[in-house]
Amino acid sequence: MATLKQVAAHAEVSVQTVSNALNAPHRLRADTLERVNRSIELLNYRPNRNARSLRTSAVELIGYCVPSWPDQTHLVMDQFLHALCAAAERTGRHILLFTAPPGVDGMPTYDDLHARRMVDGFVLSQTETHDPRHGWLKQQGIPFVSFGRVWKQTMQPGPWVDVDGATGSAIAVRHLYDTGRRRIAFLGWPKSSGLAEDRLAGWRTACKSLGVPTTGLAVRCRADSIEEGARGTARLLDSGRGFDGIVALSDVLALGALRELTARGLTPGADVGVVGYDDSPLAEVVSPGLTSLRQPMERIAEELITILTGSPGDGSPAERLLLPELVIRGSSAPG
C-alpha cells in the first residue's frame, strides 16, 4: 500500500500538500489539487484512518449500540438502521454496530471501542435519566448525539434529535375529529416511559382544545405488544363509556386494537377510527390499512450525522425536534 511520502514524491509536492489535499483541499490551487488527486488515484493510496482521526479529531467511524428489546416488537428498527448507515455513507463515513448491556454495565464496551480506535464517536438511543454514557463521553471528549430526549431532566445532557410525539398525537386526534369522531380514546404505555407521557399529553391537550371528553378514555397497556393492545381495547369496550376513535401510542398497540374490534363484530374505520404511530411495514398490509404517524427516519438519520460530524461552535443547533407525518389509510375512514 502506498504511503503519504510516496504520493508526495509522485506528485512532486510536499507531504503537507498531500495532507492538505485530503483534509483541507480549499487551501490548494486547483492545478495542484488535481495533480495530487491524480497521484492518489494512480497509487491507490488509502489514508490511515486512525492517524487522521487522532490528528484532526474527525469523526470517521461511528458506533451505534443496537438496543435489546425484550418481549417487544419494534418494527421500525430496520428502517432506522438502514437510514443511519445510508446517511453516514453519504458523507464518506460508516456505522459500526455493536451490543452492550444497559447502564453502567455497558460502559466497558464503549471504552474498549474508543480505546482501540475502532470508532471516533457514538449515536446513542434508549437514553435514560442520569444515563452514565453522557457523563463518561463528555469527560473523555468523545463526540456523541442522542436519538431521543432524556426525560425527567431539566437540562438535556448532550445534543439530540427527536420526533415531536405530543404534536403527533394531536395531529391524530384532529384527524379523527375531522372525520366525525367525538369520543377518542388513547392506548398508551406505563407512566415509567417519558415518551409515552409526551404522546399522552398531546392527546389530552388536543381533546381539550376540541372540547371532546377524555375521562376514562385513556388506557395504559403493560407492554408494547399486539396482545396488550387487544386487552386495552377490550377494557375500553367493557367500560361502557363508548368511543368512536382510538389513538394508539404505537402501530403494535393499534394492530391489537384492530384485532379486538374485529373480534367484537365492529368494523375498524367504519365503527371506530384507529390511528397508530410509526407507520411500520405492517401498517399497509393489514386490512383495513392502518392510518399511522410516520417518523421521518431519513431526516432523523441525516440530522444525527450532521450534528455528530459538524464543527463545535459553528452555530448549528444541537437540539432538533422533527414533526411526524400522518399517513391516512382505511382504519380511519370517515364515520
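In this predicted model, six strands line up as an open sheet in the order E7-E6-E8-E9-E10-E12, and their pairing is mixed. The edges belong to E7 (218-220) and E12 (325-327), each of which pairs on one side only. Going from one strand to the next, the twist averages 20°.

Starting at the E7 edge, E6 (residues 184-188) runs parallel to E7, and three bridges hold the pairing. Within that pair, Gly188 sits opposite Arg220 of E7. Further along, E8 and E9 also run parallel, again joined by three bridges, and here Ile246 faces Val274 in E9. Strand E9 is worth a look of its own: six of its six residues are buried, so the strand is largely enclosed by the rest of the structure.

Helices pack on this sheet too. Helix H8 (residues 165-178) lies across E6, E8 (245-248), E9 (273-278), E10 (291-294) and E12, and its direction is at about 160° to that of E9. Helix H10 touches E6, E7 and E8, and makes an angle of about 145° with E6.

H10 has a helical partner as well. Two packed helices are described by the angle between their axes and the distance between those axes. For H10 (residues 226-238) and H11 (residues 251-263), the angle is about 55° and the axes are 7 Å apart. The two helices are therefore oblique to each other, and their crossing is right-handed. On the H10 side, the contact is made by Ile226, Glu227, Glu228, Gly229, Ala230, Thr233, Ala234 and Leu237. Facing them from H11 are Val252, Leu253, Leu255, Gly256, Ala257, Arg259, Glu260 and Leu261. Sorted by character, the residues of this contact come out as nine nonpolar, three polar and four charged.

Asp238 also belongs to H10. With a relative accessibility of 55%, Asp238 counts as exposed, because the cut-off for that label is over 50%. Its C-alpha lies 12 Å from that of Leu217, a residue 21 positions away in sequence.

A separate set of pairings involves strand E5 (residues 160-163). What covers this strand, and on which faces? Both faces of E5 are covered, with Trp160 and Asp162 buried on one side and Val161 and Val163 buried on the other. E5 runs parallel to E4 (residues 144-147), to which two bridges join it, and Phe147 has Val161 of E5 as its bridge partner. E5 also pairs with E11 (residues 319-322), once more in the parallel sense, this time over four bridges. In that pairing, Asp162 is matched with Leu321 of E11.

Another helix pair is formed by H6 (residues 107-115) and H7 (residues 132-140), whose axes come within 11 Å and cross at roughly 25°. That angle makes H6 roughly parallel to H7, since angles under 35 degrees are placed in that class. H6 passes H7 in a right-handed crossing. The contact brings Met107, Tyr110 and Asp111 of H6 together with Pro132, Arg133 and Trp136 of H7. By character, these residues split into four nonpolar, no polar and two charged.

A few backbone details in the loops round out the picture. The peptide bond leading from Ser287 into Pro288 is cis, with omega near 0°, and Pro288 is located in the loop between E9 and E10. Two non-glycine residues have a positive phi. Glu12, with phi of about 60°, is in the loop that links H1 (4-11) and H2 (15-23). Arg117, with phi near 60°, is in the loop between H6 and E3 (121-124). Is each of these residues buried or exposed? Glu12 counts as exposed at 72% relative accessibility, whereas Arg117 is buried, with a relative accessible area of 17%.

Conventions: Residues are numbered from 1 along each chain as its sequence is written. This is a predicted model: local features need pLDDT of at least 70, side-chain atom pairs count only at pLDDT 80 or more; totals for chains, interfaces and linings use all residues. Side-chain values use heavy atoms; hydrogens and water are left out. Axes are lines fitted to C-alpha atoms, for helices over the stretch in contact, and angles run from 0 to 180 degrees between N-to-C directions. Angles under 35 degrees count as roughly parallel, over 145 as roughly antiparallel, 65 to 115 as roughly perpendicular and the rest as oblique. A crossing is left-handed if the near helix is turned anticlockwise from the far one by less than a right angle, and right-handed if clockwise. Contact means heavy atoms within 4.5 Å. Ala, Val, Leu, Ile, Met, Phe, Trp, Tyr, Cys and Pro count as nonpolar, Asp, Glu, Lys and Arg as charged, and the others, Gly among them, as polar. Two strands pair if DSSP finds at least two bridges between them. Buried means under 20% relative accessible area, exposed over 50%, partly exposed in between (1.4 Å probe, protein chains only).
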